[in-house]
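Reader: I have a model open and want to go through its empty spaces and a few helix contacts. Can we start with the basics?

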Amino acid sequence: MEYSRRDQRASSRLLVGAVVLLCLCAAASGQGQLSCNYYKASCPNLDSIVQARVSAAMKAEARMGASLLRLHFHDCFVNGCDGSILLDGPDSEKLALPNLNSVRGYEVIDAIKADLETACPGVVSCADVVAYAAKYGVLLSGGPDYDVRLGRKDGPVANQSGANSNLPSPFNSISVITQKFKDVGLNTKDVVVLSGAHTIGRSRCVLFRSRLANFSATDSVDPTLDSALASSLQQLCSGGDGNQTADLDAGSADAFDNHYYKNLLAQKGLLSSDQGLFSSPDGVNATRALVQAYSANSQRFLYDFGVSMVRMGNIPSPNASAGQIRTKCSAVN
């Protein structure tokens with residue numbers, strides 16, 4: 001078995017906070033053998049094409065890095081990492097409640113795929129484009145440089161009901177979220193590590209305003225939410241349609257770092273599922289110690305995040321035997 005170390009990219013954005021990871025480059029999955037070098041001969045410009053498109057998208061909107069990362073997450077938890085989230089149609093996962101008017105970045109994936117169809121037609125799957133774009137969304141935000149295993153096939157069907165039931169929700173308890181991770185082969189550590197993706201990005205009021213008023217019979221506001229943050233969020237969300245957005249990691253919204261965990265210690269987690277990692281009874285029993293560890297050690301978090309991203313990227317697809325290389329990501333061939 002061979003291990004490889006990728007060099008950090010030359011641009012300053014790539015260098016900020018980047019951690020180069022030693023990663024086992026080949027691994028078996030439900031889709032066959034995935035490899036970091038899968039397209040080395042068949043599409044040698046893959047890396048530069050993806051990097052250029054993601055870089056341009058993030059220069060236009062820094063938040064796009066977080067959106068591409070979330071797109072990959074929402075793809076992998078439904079039918080495995082098979083690009084099914086990109087499919088249009090009546091059963092489209094785009095129309096599922098966790099994704100509708102929420103998941104973004106489809107146009108960036110389409111632009112990358114168009115470039116790849118010019119450079120190496122019929123070679124790179126849309127599922128691999130999603131995984132590789134997420135890697136650069138992380139890296140260009142200052143996160144770790146991890147090797148992406150490639151060679152996935154695109155799934156033939158979407159699964160809207162699976163998206164509605166399988167995706168972790170900000171309203172779920174930590175025990176329910178942990179079970180959803182276990183259902184796809186991940187563990188409690190992965191829950192804490194991948195929740196750290198909320199070090200970048202924003203969330204809509206509709207997903208956290210239940211913490212701001214009429215929280216319980218005894219508390220108007222969630223008592224695990226910092227009072228000053230609660231006040232500012234009440235002003236933000238007051239009178240709106242629920243689509244106003246707030247930083248997931250107040251004070252460090254566009255930098256991929258461990259500040260998210262420091263916020264949890266200060267009761268400044270935006271979503272109930274975030275703060276629950278530290279403050280809920282489930283969290284105290286199962287996840288608080290890791291939150292404390294990552295709040296104190298940025299390098300440990302960045303390294304473990306890369307490892308968990310590789311693990312998530314290996315979630316197998318039950319439809320792998322019927323997989324294909326889509327020409328257009330939103331439709332089967």
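Author: What follows covers the pocket, the cavities and some helix pairs. This is a predicted model, in which local features need pLDDT of at least 70, side-chain atom pairs count only at pLDDT 80 or more, and totals for chains, interfaces and linings use all residues. Residues are numbered from 1 along each chain as its sequence is written, and side-chain values use heavy atoms, with hydrogens and water left out.

Reader: How much space lies in the largest pocket?

Author: About 890 Å³. A pocket here is an open set of points on a 1 Å grid over the protein atoms alone, with protein on both sides within 12 Å along at least five of seven lines. Grid points are joined across faces, edges and corners, and the volume is the space filled by probe spheres set on the points.

Reader: Which residues are closest to its centre?

Author: R70, H74, P168, H198 and L271, out of 40 that line the largest pocket. Lining residues have an atom within 4 Å of a point.

Reader: And which elements give two or more residues to that lining?

Author: α3 (64-76), α7 (174-183), α8 (188-195), β5 (202-204), α11 (272-279) and α14 (298-313). The largest share, six residues, comes from α3. Helices (H or I, at least four residues) and strands (E, at least two) are DSSP runs, numbered from the N terminus.

Reader: How do the residues of that lining divide by class?

Author: Into 22 nonpolar, 12 polar and six charged. Ala, Val, Leu, Ile, Met, Phe, Trp, Tyr, Cys and Pro count as nonpolar, Asp, Glu, Lys and Arg as charged, and the others, Gly among them, as polar.

Reader: Change of topic. How many cavities does the search find?

Author: Two of 30 Å³ or more, over the whole structure. A cavity is a set of grid points where a 1.4 Å probe fits but cannot get out.

Reader: What lines the largest cavity?

Author: H72, A131, Y146, D147, V148, R149, R152, M309, V310, G313 and N314. Its volume is about 70 Å³, and α14 gives the largest share of the lining, three residues.

Reader: And the second largest, what is its volume?

Author: About 50 Å³. The second largest cavity is lined by 10 residues, and A62, R63, S141, I200 and D254 lie nearest its centre. By class, that lining has five nonpolar, two polar and three charged residues.

Reader: Now helices. At what angle do α2 and α4 cross?

Author: Roughly 150°, with the axes of α2 (residues 46-60) and α4 (residues 106-119) coming within 10 Å. That makes α2 roughly antiparallel to α4 (an angle over 145 degrees). Axes are lines fitted to C-alpha atoms, for helices over the stretch in contact, and angles run from 0 to 180 degrees between N-to-C directions.

Reader: Which residues make the contact?

Author: L46, I49, V50, R53, V54 and A57 of α2, with V108, A111, I112, D115, L116 and A119 of α4. Contact means heavy atoms within 4.5 Å. By class there are 10 nonpolar, no polar and two charged residues.

Reader: What about α7 and α8, at what angle do they pack?

Author: About 105°, with their axes 9 Å apart. α7 and α8 are therefore roughly perpendicular to each other (65 to 115 degrees). I177, T178, F181 and K182 of α7 meet T188, D190, V191 and L194 of α8.

Reader: Last one: how far apart are the axes of α11 and α13?

Author: They come within 7 Å and cross at roughly 95°, α13 being residues 288-296. L277, F278 and S279 of α11 make the contact with R288, V291 and Q292 of α13.

Technical notes:
Angles under 35 degrees count as roughly parallel, over 145 as roughly antiparallel, 65 to 115 as roughly perpendicular and the rest as oblique.
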